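Please open the model in your viewer and keep the selection panel at hand. The tour goes from an enclosed space to a strand and its partners.

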Amino acid sequence: MAHRHGRPAGLRPAGHLAFAGFAGLLGLAACAPGDPGVGVASDGAVCAQIFSTNDTHGRLLPAAQSWSNGRPLGGSAALAAYVERERAAAPECPLFVVSGGDIMQGTLISNLTDGRSTIEAMNGIGYDAAAIGNHEFDWGVDILIERVADADFAMLGANIFLKGTDRHPDWIRPWAIVEREGVRIGFIGLTTTSTPVVARPSLVADFDFRSLADALDRYIPVVRAEGVDFVVAVMHEGAFCRIEPEGAACEGEALDALAATSERFDYAVTGHTHSRVETEIRGVPVIQSFANTTAYGLGRIDRSADGTVSARALGIRQAWADEIAPDPEVEELVASYRAEIADLVDRIVVTLPEALPAPRDGDFPLGRIVADAQRHASGADIALMNNGGIRRPLPAGPVTFSDLFELQPFDNKLIRHTMSGTLLLRTLEHSVRDGDVDLHASGMTVRYDPAASYGERILSVTLDDGSPLRPEGRYTVTANDFIATGGGGYTTFAEAELIEPPGVADLEALVAYLQAQPDPFPIPRAPRWIESPAR
């Protein structure tokens, strides 16, 4: 498919995209092959619009959300149409399309192609740049390198270095310059420093994920030396905003990093936390637009004739799929991939009597079901499931294989260990390290005090047979290979005795368990983590 807006597939023509190669790593200017040299910023007054998404997670098809009253949102064809609508609404300002990262992982239509379908859809939409998110590493570096090569847009990671060196991997660009209608924007991409913890550690062991602020301060001068009109930070790092009487109060790692940056930037797009962020750092807009293509952010940057730069967020807008005609070319592309997996996508696995939400933290029925499925599949005494691996809610009524795939898209394998009671208690302590519960449990009930000192928060553990957990006891514990190999900071598994190497996949265990349950499906309502402050 030809890349829209006059750009052919593959890298943009010389003069349209400059990038940081080895010269950029040395602090020198680098340009696309054939580019006549360092560019020159536009003379006089100029403006640009920034259309942004983040954490799209392979959402190529529109989908209703738990809060949307059955109305579909997002999908690539609708998003492409919204890009064109916003471009047409302000023709005086060229529009640039960027992503805050985590673009591929999460749906059947994307995962079964190792993300290739997502990259093709993003090429069709006309993306210009994307931050590399932590989930971009989920299928290994070799697959990520292929997807970077497939992209007509720059995938950026200015703070990703080969471990122990001051060099970026040769397939990662720290920054890129995109020129459109005479306006030149330098994009600098950044990846969360928590990647070694939130990604499977073995997949990112060769890299250091260093300070976001230091990377911005290193590369903003390099990009400005290229003669750009504006500099935009595109970050896979996030924040949260809450509404208070005096206005929105926002906090998070992305805002801390931007506030610590000494060099001037003109606009910032964030991601990672799947939240609504619309705030400012030193008068510069910072935006994040939820996740899964349900919304997009829009902003405008202006430079007056005297050189003064100002920017403003124009809002975060819902991407209702039923309010716009889909882009026909992107729709055709997505439909071709959808047809290949239709039988699998539409297969009904279970019918639920009620909807099951998936909060980010805490103990809830859906998480209990997932943990129960893993204990059932492995025959262990106890199963532990990290909340971060529970990726979506489930609707009331028929639940399809596609729904369950999106719930557990990572193809994690289940591993059995033998743990002492003492080691298991340390594992549970780590789960409440921040006060909120981070693990779901099957086979036991935990009483805890989130206000107690770390190391003393677990008050008691009672097994399903009514017996107390004994520190000297030995228990079989099943967990997925993300946390069992240290993901999420769960290092205690390295001290446990391995019983079985990676076996059944988490999704396979869940499907088998759901199909084995009676109708109506029994919802596990009794809490397994009970907040019980010590008296």
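**The enclosed space**

In this predicted model, a search for cavities of 30 Å³ or more gives a count of 1 cavity. The space within the largest cavity comes to about 80 Å³.

To display its surroundings, select Thr56, Arg59, Leu60, Gly75, Ser76, Leu79, Ile103, Thr118, Met122, Ile125, Tyr127 and Thr293, which line the largest cavity. Colouring this selection by class shows 6 nonpolar, 5 polar and 1 charged residues in the lining. Next, show the helical elements as ribbons: α2 (76-89) and α4 (116-125) each contribute at least two residues to the lining of the largest cavity, and the largest share, 3 residues, is supplied by α4.

**Strand β2**

Now move to strand β2 by selecting residues 46-53, where 8 of the 8 residues are buried, so the strand is largely enclosed by the rest of the structure. With side chains switched on, Val46, Ala48, Ile50 and Ser52 can be seen pointing one way from β2, while Cys47, Gln49, Phe51 and Thr53 point the other way, and all of them are buried.

**The partners of β2**

Which strands should be added to the view beside β2? Select strand β18 (residues 295-303), which pairs with β2 in the antiparallel sense over 7 bridges; here Phe51 stands opposite Leu298 of β18. Then add strand β5 (residues 95-99), whose pairing with β2 is in the parallel sense and runs over 5 bridges; in this pair, Gln49 stands opposite Leu95 of β5.

Terms used: Residues are numbered from 1 along each chain as its sequence is written. This is a predicted model: local features need pLDDT of at least 70, side-chain atom pairs count only at pLDDT 80 or more; totals for chains, interfaces and linings use all residues. Side-chain values use heavy atoms; hydrogens and water are left out. On a 1 Å grid over the protein atoms alone, a cavity is a set of points where a 1.4 Å probe fits but cannot get out, and a pocket is an open set with protein on both sides within 12 Å along at least five of seven lines; lining residues have an atom within 4 Å of a point. Grid points are joined across faces, edges and corners, and a volume is the space filled by probe spheres set on the points. Helices (H or I, at least four residues) and strands (E, at least two) are DSSP runs, numbered from the N terminus. Ala, Val, Leu, Ile, Met, Phe, Trp, Tyr, Cys and Pro count as nonpolar, Asp, Glu, Lys and Arg as charged, and the others, Gly among them, as polar. Buried means under 20% relative accessible area, exposed over 50%, partly exposed in between (1.4 Å probe, protein chains only). Two strands pair if DSSP finds at least two bridges between them.
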